[in-house]
Amino acid sequence: MKIFAIFAVTALTTFLGYWLASKYIQRKDFFNAIVFFANLMEVEVGFSQKKTEEIINENIKKFCAEFQKLLTLFIASLNTKKTITTAEISNVAKFLKNEEIQEIFLFFNGIGKYDSENQIKNITSHNKQFVLWQTNAKQESNKYVKLYVKLGFLLGLIISIIIM
């Protein structure tokens, strides 16, 4: 019975560590998706005659869940001639910082608003910042995900030793 309790406590605390680290995994996946999307839009705007909505619909399955939700909101805003809001961005991706939300807001509200040359400049400008955030998110993920999982496991072992 004690062995089962030790195993259960260790598994629970390890899962808790992974759950705490999930924010960093989501940030990394989100910034990978937005950089990929910006690169895709840059190429498509420059060489394709497709509409923005068509480009997104063809590629939406390639992105993480949070970014898919954001793209869905963006398509809805295009159809209603409204702009996507910072509150909507914040609700979809709760792990983003205010500065990141503002940059993403400006990025999405610039897509489809200019001629192709200015739109490419706008996308390239925002993508530089996205790449920096992507690099930071990867570093944070590599650092904290392993740390939280290991700390969760160690906490479980410590509790198990106390239980014995």
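Is Glu-54 buried, partly exposed or exposed? In this predicted model, Glu-54 has a relative accessible area of 39%. Exposed would need over 50%, and buried would need under 20%. Glu-54 therefore counts as partly exposed. The residue sits in helix α2. Ile-84 comes 30 residues away from Glu-54 in sequence. In space, the C-alpha atoms of Glu-54 and Ile-84 are 18 Å apart.

The helices come next. Helix α1 has 46 residues. From the first C-alpha of α1 to the last, the reach is 65 Å. That is close to the 68 Å expected at 1.5 Å a residue. Helix α1 also bends, by about 40°, at Ala-21. Helix α5 has 13 residues. Its end-to-end reach, C-alpha to C-alpha, is 18 Å, close to the expected 18 Å.

The largest nonpolar core has 35 residues. Phe-30, Phe-37, Phe-67, Leu-70, Leu-96, Ile-104 and Phe-108 have the most contacts inside this core. Two or more core residues come from each of α1 (2–47), α2 (52–59), α3 (65–79), α4 (86–92), α5 (98–110) and α6 (116–163). Helix α1 gives the most, with ten residues. In soluble globular proteins, nonpolar side chains tend to be buried together.

Leu-96 offers a view of this core from one residue. Its neighbours within four places in sequence are left aside here. Leu-96 is then in contact with Arg-27, Phe-30, Phe-31, Ile-89, Ile-101 and Ile-104. Among these partners, Phe-30 and Ile-104 are also listed with the most contacts inside the core.

Helix α5 has several buried residues. They are Glu-100, Ile-101, Glu-103, Ile-104, Phe-107, Phe-108, Asn-109 and Gly-110. The buried residues of α5 pack against α1, α3, α4 and α6. After α5 comes Gly-112, with a positive phi near 80°.

Gly-112 also appears at the largest pocket. This pocket has a volume of about 260 Å³. It is lined by 14 residues. Those closest to the pocket centre are Val-45, Lys-50, Thr-52, Gly-112 and Gln-119. Helices α1, α2 and α6 each give two or more residues to the lining.

A positive phi is also found at Lys-81, where the angle is about 60°. Lys-81 is not a glycine. Most residues other than glycine have a negative phi. Lys-81 is located in the loop between α3 and α4. Its relative accessibility is 76%. The cut-off for exposed is over 50%, so Lys-81 counts as exposed.

Two residues of helix α6 complete the account. Asn-118 is placed in α6, and Leu-151 lies in α6 as well. Asn-118 has a relative accessibility of 36%. Leu-151 has a relative accessible area of 45%. Partly exposed covers values between 20% and 50%, so Asn-118 is partly exposed, and Leu-151 is partly exposed too.

Sequence separation and distance can be set side by side for both residues. Asn-118 and Ala-38 are 80 residues apart along the chain. Their C-alpha atoms are separated by 14 Å. Leu-151 and Gln-139 are twelve residues apart along the chain. Their C-alpha atoms are separated by 18 Å.

Note on methods
Residues numbered from 1 in each chain as written. Predicted model: local features only at pLDDT ≥ 70, side-chain atom pairs only at ≥ 80, totals over all residues. Heavy atoms only, no water. Core = buried A, V, L, I, M, F, W, Y, C linked by side-chain atoms within 4.5 Å. Buried < 20%, exposed > 50% of the residue type's maximum accessible area, 1.4 Å probe, protein only. Helix = DSSP H or I, 4+ residues; strand = E, 2+ residues; numbered from the N terminus. Contact = heavy atoms within 4.5 Å. Expected span 1.5 Å × (residues − 1). Bend = angle between axes of the 7 residues up to and from the residue. 1 Å grid on protein atoms, 1.4 Å probe; cavity = no way out; pocket = protein on both sides within 12 Å on 5 of 7 lines; lining within 4 Å. Points joined across faces, edges and corners; volume = space filled by probe spheres on them.
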